[in-house]
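Please have the sequence and the model open while I talk. I will go through a few helix contacts and then some single residues.

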Amino acid sequence: MGVIFSLARRKDKKAEAAAKVEQQKIEQLCEMFPMLDKDTLTTVLDANEGDLDKTMEMFMPINPATKEEHQKRPASRAGAEADDLQSPRSRPAVSTVHVEELITWASSSDADMQYQAARSLADLAMTQDQRVCILQAGAVKHLVALLSAPTVEVQLCALIAVANLALEDQGQAQLHQEGAIAPVVLLTSSSDKSMQCHAARALANLAFCYEANEVGIVEAS
């Protein structure tokens with residue numbers, strides 16, 4: 001019996017030690033990124049299986065850095081299979097006309113067309129020149145609308161597009177004007193882990209060197 005109690009005590013001590021380490025990680029994240037709430041940080045840390053470095057990298061744009069460093073951060077793909085997508089180098093340039101066609105799809109009431117539009121815009125927004133084209137075509141307000149789409153797949157693709165577009169100064173400004181912050185903050189509470197991670201990344205990109213967005217995130221949280 002004594003052996004059983006001893007093993008139980010050891011197990012409890014290990015659990016307490018692990019909980020203490022996790023708490024220390026959360027406290028460190030809260031100290032480094034005060035504009036993000038504790039629940040969001042905890043969720044993303046859990047999604048990264050407790051990997052503190054990986055979690056910190058997702059939020060690094062919030063820390064002091066140059067705008068050039070911010071814009072060099074890798075954008076995210078919306079596609080599930082990397083084999084289905086072209087690399088940024090091989091992806092052909094798009095014109096405003098092509099983006100306008102995708103905007104028409106995004107405005108459709110058909111969920112499949114919304115998904116194809118959001119996914120295509122998210123993937124195109126992986127490169128700076130195409131982000132500029134998307135922004136100039138006026139796609140932001142349509143992507144913001146899709147953040148509240150009835151299907152999770154459409155929401156996620158729109159969210160990735162928003163996070164990618166927020167790498168640009170113009171993108172941050174347009175997303176602020178179109179009211180993107182509130183729906184992105186809402187998506188941090190999604191039960192979908194991928195949605196939570198991309199929402200956290202979008203908030204980090206929106207907040208970088210843009211005080212109005214920082215304030216908006218705090219007010220919406």
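H2 crosses H12 in a left-handed sense. This is a predicted model, so please keep that in mind throughout. H2 covers residues 38–47 and H12 covers residues 193–207; their axes come within 9 Å and cross at roughly 125 degrees. How are H2 and H12 oriented to each other? They are oblique, because an angle of roughly 125 degrees falls between the perpendicular range, 65 to 115, and the antiparallel range, over 145.

Now the residues that touch. On the H2 side they are Thr 40, Thr 43, Val 44 and Ala 47, and on the H12 side Lys 193, Gln 196, Cys 197 and Ala 200. Sorted by class, the residues of this contact are 4 nonpolar, 3 polar and 1 charged. Look at the spacing of the numbers on each side. An α-helix has 3.6 residues a turn, so residues three or four places apart point the same way.

Which residues of H2 are buried? They are Thr 40, Leu 41, Thr 43, Val 44 and Leu 45. Thr 40, Thr 43 and Val 44 also appear in the contact with H12. On the other side of that contact, Cys 197 has a relative accessible area of 15%, and it is called buried because the cut-off is under 20%.

Next, the second helix pair. H6, residues 111–124, and H9, residues 152–165, pack with their axes 8 Å apart and at an angle of about 25 degrees. H6 and H9 are therefore roughly parallel to each other, since angles under 35 degrees count that way. Their crossing is left-handed. From H6 the contact takes Ala 111, Gln 114, Tyr 115, Ala 118, Arg 119, Leu 121 and Ala 122. From H9 it takes Glu 153, Val 154, Cys 157, Ala 158, Ile 160, Ala 161 and Asn 164. The classes here are 10 nonpolar, 2 polar and 2 charged.

Now some backbone angles. Most residues other than glycine have a negative phi, and most peptide bonds are trans. Cys 209 has a positive phi, near 55 degrees, and is not a glycine. Where does Cys 209 lie? It is in the loop between H12 and H13, the helix at 211–220. Glu 49, just after H2, also has a positive phi, about 55 degrees.

Is Cys 209 buried or exposed? Its relative accessibility is 57%, so it counts as exposed. Cys 197, as I said, is buried. With cysteines on the list, someone will ask about disulfides. A disulfide is a covalent bond between the sulfur atoms of two cysteines. How many disulfides does a search of the whole structure find? The count is 0.

One more residue, His 98, sits in H5, residues 96–106. It has 45% relative accessibility and so counts as partly exposed. His 98 is 36 residues from Ile 134 in sequence, and the C-alpha atoms of the two are 9.5 Å apart.

Last, the overall picture. The protein has 13 helices and 0 strands. Of its 221 residues, 48% are buried. Take the contacts between residues at least 6 apart in sequence: 69% of them join residues at least 24 apart. The H2 and H12 contact, with Thr 40 on one side and Lys 193 on the other, is a place to see this on the model.

Terms used:
Residues numbered from 1 in each chain as written. Predicted model: local features only at pLDDT ≥ 70, side-chain atom pairs only at ≥ 80, totals over all residues. Heavy atoms only, no water. Axes fitted to C-alpha atoms, helices over the stretch in contact; angles between N-to-C directions. Helix = DSSP H or I, 4+ residues; strand = E, 2+ residues; numbered from the N terminus. Left-handed = near helix turned anticlockwise from the far one by under 90°. Contact = heavy atoms within 4.5 Å. Nonpolar A, V, L, I, M, F, W, Y, C, P; charged D, E, K, R; others polar. Buried < 20%, exposed > 50% of the residue type's maximum accessible area, 1.4 Å probe, protein only. Disulfide = S-S within 2.5 Å.
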